[in-house]
Amino acid sequence: MVGLAARHLRNLRRRDFAAGAALIDGRWIAGEQRDVVVDPATGEEIADVARCSAVDMTVAIAAAERSFAAWRELLPARRGAILRTWASLMLDHSEELAVLVTSEQGKPLAEARQEIAYGAGFLEWFAAEGERAYGETIPSHKPGSLLQVRMQPIGIAAAITPWNFPVAMITRKAGAALAAGCPMIVKPAPETPLSALAAARLAEEAGVPAGVFQVVIGDPIELSAPLLRDTRIRALSFTGSTQVGRLLLEGAADTVKKVSLELGGHAPFLIFDDVDLGKAVKGAMVAKFATSGQDCLAANRIYVQRGVYKAFIEAFAAEMAQLKVGHGLEPATDIGPMTKLSVAKKCRGQIDDAERKGARIISANQESVLGPNFVLPTLLSDVTEDMLIAREETFGPVTAVLPFESEEEVVARANTSEMGLAGYVYTDSLRRALRLSERIECGMVGINTASFTGPPVPFGGWKQSGLGREGSRHGLAEYMELKYVCFGDL
Ligand code: NAD
């Protein structure tokens with residue numbers, strides 16, 4: 001019997017979106033070898049895609065090099081117009097793109113639609129920001145001279161992207177690179193190539209020239225090797241695990257590329273007893289269960305002050321019980337499957353470990369009847385710092401709740417992690433909010449809010465959560481070099 005995702009893909013208005021060909025030098029490459037794409041909810045094969053080789057990647061690098069001069073010379077406003085057209089084509093095809101995202105990634109369709117809008121937003125925002133890549137004139141320290149700093153495109157950029165936001169993590173990088181005047185080669189995650197290839201079809205239709213935006217799919221190690229080795233690749237942007245990020249950083253050292261890494265998180269979510277508990281519960285639900293928990297911003301350690309600890313657990317458990325787990329293409333679904341079986345297994349391992357060490361399990365830790373990739377929303381209370389879930393990222397719908405007594409204590413505990421991507425604080429005290437916004441060691445802090453990312457603000461982490469920033473003018477700067485020019489003898 002043909003499953004839900006396969007039926008949706010067959011009914012796509014744009015059948016070419018699911019064709020599975022890579023985009024290299026303006027041509028669609030079907031390839032001799034093929035890889036399969038599966039629906040993570042059912043394990044059913046839903047498409048097959050080209051498996052490109054290292055040689056294909058070398059062809060893509062040469063094409064990017066050929067395209068660079070003309071792209072760099074285009075007026076920023078012209079590049080911006082092309083990016084805006086790309087964004088509006090994505091919005092026009094939002095429904096088909098969302099079906100692709102849900103079919104291969106698993107997230108509920110409503111979240112997939114949000115991802116398309118979020119992803120298109122980066123193209124629009126960078127389209128404008130590319131026109132504002134101002135340099136500086138510096139008051140001179142040398143008589144009779146004029147000192148300038150200019151921003152120029154760094155060169156060809158490469159992106160290695162993850163499966164949790166298979167469209168937006170591409171446009172967040174490509175919007176910045178293309179606006180800066182740099183061609184970009186994307187190697188998407190093998191689990192979610194269809195979304196990337198559909199976005200590439202729309203880039204081509206928007207008028208992005210051959211070689212300026214390319215998508216090469218296949219084995220990650222085989223395809224990343226030429227990218228790392230080649231001196232023409234000047235910038236590498238990666239989103240994914242800290243483990244792979246370290247490997248790429250090491251691999252880029254030989255050719256001294258500019259590396260930008262957006263790695264794992266382990267976000268602390270602090271709830272003080274002066275707060276409106278209803279709002280804190282609502283925020284924690286969003287911060288934990290968005291993208292079925294497969295989000296680097298996900299609240300991984302919910303620290304609740306003793307005075308509201310019990311009440312929080314009751315209220316959170318009641319909200320959690322309302323969540324509907326199922327196939328992302330079913331309209332009522334709140335929590336879909338984990339995209340990778342390894343992520344589901346990690347979640348179950350953390351639950352078992354916590355239970356062995358004395359945590360209380362509010363929801364069931366059982367293999368869902370829906371299939372091995374599903375993890376039921378689970379609440380672990382009385383979690384202690386020695387449990388795995390308190391020490392490593394979960395990336396699934398499992399919630400760890402830990403009690404605390406004082407502000408001093410909880411800040412110290414929140415900051416023990418080697419990860420420092422996001423942090424959340426819920427309090428009614430403005431003074432405390434200001435103090436904690438200074439003291440939490442991470443790249444992004446939400447005070448009384450669980451939704452704070454977007455194109456105009458810098459996204460990125462401290463410590464082992466990464467290097468560099470995406471979004472905002474800082475994201476554009478990742479793809480630019482500074483040039484200082486001194487005019488002497490004026
Ligand atoms: P991963 O780091 O293995 O995959 C991310 C990307 O890196 C994919 O495109 C993959 O093909 C590529 N890749 C993998 N190994 C590579 C290698 N040796 N050389 C070059 N590229 C390589 O992530 P994963 O194993 O799919 O997920 C594991 C964990 O990573 C998750 O549980 C989560 O903790 C974290 N993760 C974080 C994010 C994020 O948004 N920061 C996204 C995905 C995964």
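**Helix crossings, overall size and the ligand shell**

Helix α4 (residues 94–105) and helix α5 (residues 109–129) have axes that come within 8 Å and cross at roughly 120°. An angle of 65 to 115 degrees would count as roughly perpendicular and one over 145 as roughly antiparallel, so α4 and α5 are oblique to each other. Their crossing is right-handed. On the α4 side, the contact is made by Ser94, Leu97, Ala98, Val101 and Thr102. Leu109, Ala112, Arg113, Glu115, Ile116 and Ala117 do the job for α5. Sorted by class, the residues of this contact come out as seven nonpolar, two polar and two charged. All of this, like everything below, comes from a predicted model.

Now for another pair of helices. Two packed helices are described by the angle between their axes and the distance between the axes. For helix α3 (residues 76–92) and helix α7 (residues 193–206), the axes come within 8 Å and the crossing angle is roughly 135°. That angle makes α3 oblique to α7. The crossing in which α3 passes α7 is right-handed. Here α3 brings Ile82, Thr85, Trp86, Leu89 and Met90 to the contact, while α7 brings Ala199, Leu202, Ala203, Glu205 and Ala206. The contact of α3 with α7 has eight nonpolar residues, plus one polar and one charged.

Stepping back to the whole protein chain, there are 16 helices and 22 strands. The C-alpha trace spans about 70 × 70 × 40 Å along its principal axes. Does the radius of gyration fit a compact globule or not, and why? With 490 residues, such a globule would have a radius of gyration near 23 Å, and the protein chain has 23 Å, so the two agree.

Then there is the ligand. Which residues come nearest to the ligand? Out of the 22 residues around the ligand, Pro162, Pro220, Gly240, Ser241 and Cys296 come nearest. Two elements give two or more residues to this shell, namely α8 (220–229) and α9 (242–251). The largest share, three residues, comes from α8. As for the chemistry of the shell, twelve of its residues are nonpolar, seven are polar and three are charged.

How values were computed. Residues are numbered from 1 along each chain as its sequence is written. This is a predicted model: local features need pLDDT of at least 70, side-chain atom pairs count only at pLDDT 80 or more; totals for chains, interfaces and linings use all residues. A residue is near a molecule or strand if its C-beta atom, placed from the backbone, lies within 6 Å of it. Helices (H or I, at least four residues) and strands (E, at least two) are DSSP runs, numbered from the N terminus. Ala, Val, Leu, Ile, Met, Phe, Trp, Tyr, Cys and Pro count as nonpolar, Asp, Glu, Lys and Arg as charged, and the others, Gly among them, as polar. Axes are lines fitted to C-alpha atoms, for helices over the stretch in contact, and angles run from 0 to 180 degrees between N-to-C directions. Angles under 35 degrees count as roughly parallel, over 145 as roughly antiparallel, 65 to 115 as roughly perpendicular and the rest as oblique. A crossing is left-handed if the near helix is turned anticlockwise from the far one by less than a right angle, and right-handed if clockwise. Two residues are in contact if their C-beta atoms, placed from the backbone, lie within 7 Å. The radius of gyration is taken over C-alpha atoms; the globule rule is 2.2 Å times the number of residues to the power 0.38.
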